[in-house]
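Subject: Structure handover

Hello,

Here is the structure I promised to pass on. Please open it beside this email, and then read on for what turned up.

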Amino acid sequence: DNNTLDKSKEITSIPWTGEWLQPEQLDILSHRGIPKIIGLLGSSGAGKTTYLAMLYSLLFNGRSIRDWSFAGSYTLNGWELQAKTLQVHENGSVRNPDATPSNKDFYSLYHLSLRKNDYLNDILFADTSGEVFSRWADNVNDPAAENARWVYENANAFLLFVDCDAIILKRGKAIREIVQLGEQVRSRLRNRPVVIVWSKADLANQMRENIVQAIKRNLSDAFPEALSFEISNYSKSDSDDLCHINNSSVVETM
């Protein structure tokens, strides 16, 4: 009948491939409400994409987010690609996902649908190149930072990544980069929540205490209500809080 034909047309014209969504594709979610967009902010190599790979791996292996259960995703191929890239080698080293392209037109919106009783909650994680966000932090009107501007303007909440490894290597330069990014995020925040994510925290004991305290003071001044978590993609045991608990706890605060 005509209804069957109409449904068949809808199925054959599905506007997605299972990879990352683009801003112009978000209307596929509009039939069941407005999705919550979480912007991932941080310098290049800060662990934003790796965090998403670890989060998906935890969900895939049965970990839940509070009392929400996984209910599907329009971007399963995108999630799977990053999760497969995240590998632990025999010598204990970890291979992380490839760097996010720094092209200003590149968007990678990862969709996650969670269910509680009969209610669906659609979440989009907006992952953008750290190089682009560094440009944006230096000049919000930089023509090469268009996707960073879109994330900042459209996100409902932010995860601000602080790279412990970069702090060890860069010291004072790391402080300046984090403070500059934090100031730009604060400038037009409009009461949107921010969570501070200390990535690669398995290296935290190698950071100089005076540098850590300086960063914490600046971030506390900029975001006095922000929660803070230490995370890692390297698990020392099955009960490793940094890896198995804190990675999912970050999302539970959103």
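Start with Y110: this residue stands opposite F125 in β6. Please keep in mind that the model is a predicted one.

The pairing behind that match joins β5 and strand β6 (residues 119-127). The two run antiparallel and share nine bridges. They form a hairpin, with two residues between the strands. Look at N117 in that turn: its phi is positive, at about 55 degrees.

β5 has another partner. Strand β2 (residues 69-72) is joined to β5 by three bridges, again in the antiparallel sense. One place to check is S69, whose bridge partner in β5 is R115. As for cover, strand β5 spans residues 108-116, and seven of its nine residues are buried.

Next, follow the chain out of β6. S129 sits in the loop that leads from β6 to α4 (130-138). Is S129 buried or exposed? It counts as buried, because its relative accessibility is 3%, and the cut-off for buried is under 20%. Its side chain also has a polar partner. A polar atom there lies 3.1 Å from the backbone nitrogen of E131.

Now turn to β7, residues 157-163. How many of its seven residues are buried? The count is seven of seven. In a regular strand, side chains alternate between the two faces of the sheet. In β7, both faces are covered. A157, L159, F161 and D163 are buried on one side. F158, L160 and V162 are buried on the other.

β7 pairs with two strands that I would look at together. Strand β1 (residues 36-41) runs parallel to β7, with four bridges between them. There, I38 stands opposite A157. Strand β8 (residues 194-199) is also parallel to β7, and this pairing has six bridges. D163 takes part here, with S199 as its bridge partner in β8. So A157 and D163, both on one buried side of β7, are good residues to find on screen.

Helix α9 comes next. It covers residues 241-252 and is mostly covered, with nine of its twelve residues buried. Which residues are buried in α9? They are L242, C243, H244, N246, N247, S248, S249, V250 and V251. What do they pack against? The list is α2 (48-60), β6, β7, β8 and β9 (227-230). That brings back β6, the hairpin partner of β5, and β7, which pairs with β8.

There is a pocket to look at too. The second largest one has a volume of about 280 Å³. Its lining has 14 residues. R192, P193, V194, E225 and A226 lie nearest the centre. By type, the lining divides into ten nonpolar, two polar and two charged residues.

Last, the chain as a whole. It has nine helices and nine strands. Its length is 254 residues, and 48% of them count as buried. Take the contacts with a separation of 6 or more: 75% of them come from residues 24 or more positions apart.

It is yours from here.

Best wishes

Technical notes:
Residues numbered from 1 in each chain as written. Predicted model: local features only at pLDDT ≥ 70, side-chain atom pairs only at ≥ 80, totals over all residues. Heavy atoms only, no water. Buried < 20%, exposed > 50% of the residue type's maximum accessible area, 1.4 Å probe, protein only. Pairing = 2+ DSSP bridges. 1 Å grid on protein atoms, 1.4 Å probe; cavity = no way out; pocket = protein on both sides within 12 Å on 5 of 7 lines; lining within 4 Å. Points joined across faces, edges and corners; volume = space filled by probe spheres on them. Nonpolar A, V, L, I, M, F, W, Y, C, P; charged D, E, K, R; others polar. Polar contact = N/O pair within 3.5 Å; in protein donor to acceptor, adjacent residues only side chain to side chain. Contact = heavy atoms within 4.5 Å.
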